[in-house]
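User: Can you take me through a model I have here? I'd like to start with the inside and then go to the surface.

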Amino acid sequence: MPASGVSPYIVVPQGEQDVALSTQSSKVNLSAGKYYTIALFLAGATQPTLLEDQILTNPAKSGVYVYNFSDASSVKLYAPQPKVS
């Protein structure tokens, strides 16, 4: 995991992998061909929470994943309409 704690997707081997943040460390079990987000200390958990991200099969589409890890009841993602000429 990068020093900032946030990264783009990175390729890692399948199987048991070490996850570390500051002085905390743990292991997660990853499957081949899948995409994951790892959340640390989610809802007071002492172990990492492994979230499996959906794989998009249509190359014309893209995905934006927004996880609300705050105390707010909801969050909104706003994307302005593109200007078409």
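Analyst: What follows covers a cavity, one residue beside it and a surface patch. This is a predicted model, where local features need pLDDT of at least 70, side-chain atom pairs count only at pLDDT 80 or more, and totals for chains, interfaces and linings use all residues. Residues are numbered from 1 along each chain as its sequence is written, and side-chain values use heavy atoms, with hydrogens and water left out.

User: How many cavities of 30 Å³ or more are there?

Analyst: There is 1. A cavity here is a set of points on a 1 Å grid over the protein atoms alone where a 1.4 Å probe fits but cannot get out. The largest cavity holds about 60 Å³, a volume being the space filled by probe spheres set on the points.

User: What lines the largest cavity?

Analyst: V19, A20, L21, Q24, S25, S26, L40, F41, A45, T46, Q47 and P48 (lining residues have an atom within 4 Å of a point). Strands β1 (15-21) and β2 each give two or more residues to that lining; strands are DSSP E runs of at least two residues, numbered from the N terminus.

User: Is S26 buried or exposed?

Analyst: S26 is buried, as its relative accessible area is 13% (buried is under 20%, exposed over 50%, partly exposed in between, with a 1.4 Å probe and protein chains only). S26 sits in β2, residues 24-30.

User: And which residues is S26 in contact with, leaving aside neighbours within four places in sequence?

Analyst: Q17, D18, V19, Q47 and P48, with contact meaning heavy atoms within 4.5 Å.

User: Now the surface. Which residues make the nonpolar patch?

Analyst: Y9, Y35, I55, L56, Y65, Y67 and F69, over about 660 Å². Patch residues have over 30% relative accessible area and no salt bridge, and nonpolar side chains (Val, Leu, Ile, Met, Phe, Trp, Tyr) are joined within 5 Å. A salt bridge is a side-chain nitrogen of Lys or Arg within 4 Å of a carboxyl oxygen of Asp or Glu.

User: Where does F69 lie?

Analyst: In the segment after β4 (49-53). F69 is partly exposed, at 45% relative accessible area.

Note on methods
Patches are made of residues with over 30% relative accessible area and no salt bridge: like charges are joined within 9 Å, nonpolar side chains (Val, Leu, Ile, Met, Phe, Trp, Tyr) within 5 Å. Accessible areas come from the Shrake-Rupley method with a 1.4 Å probe; for residues, only the protein chains shown count as cover. Helices (H or I, at least four residues) and strands (E, at least two) are DSSP runs, numbered from the N terminus. On a 1 Å grid over the protein atoms alone, a cavity is a set of points where a 1.4 Å probe fits but cannot get out, and a pocket is an open set with protein on both sides within 12 Å along at least five of seven lines; lining residues have an atom within 4 Å of a point.
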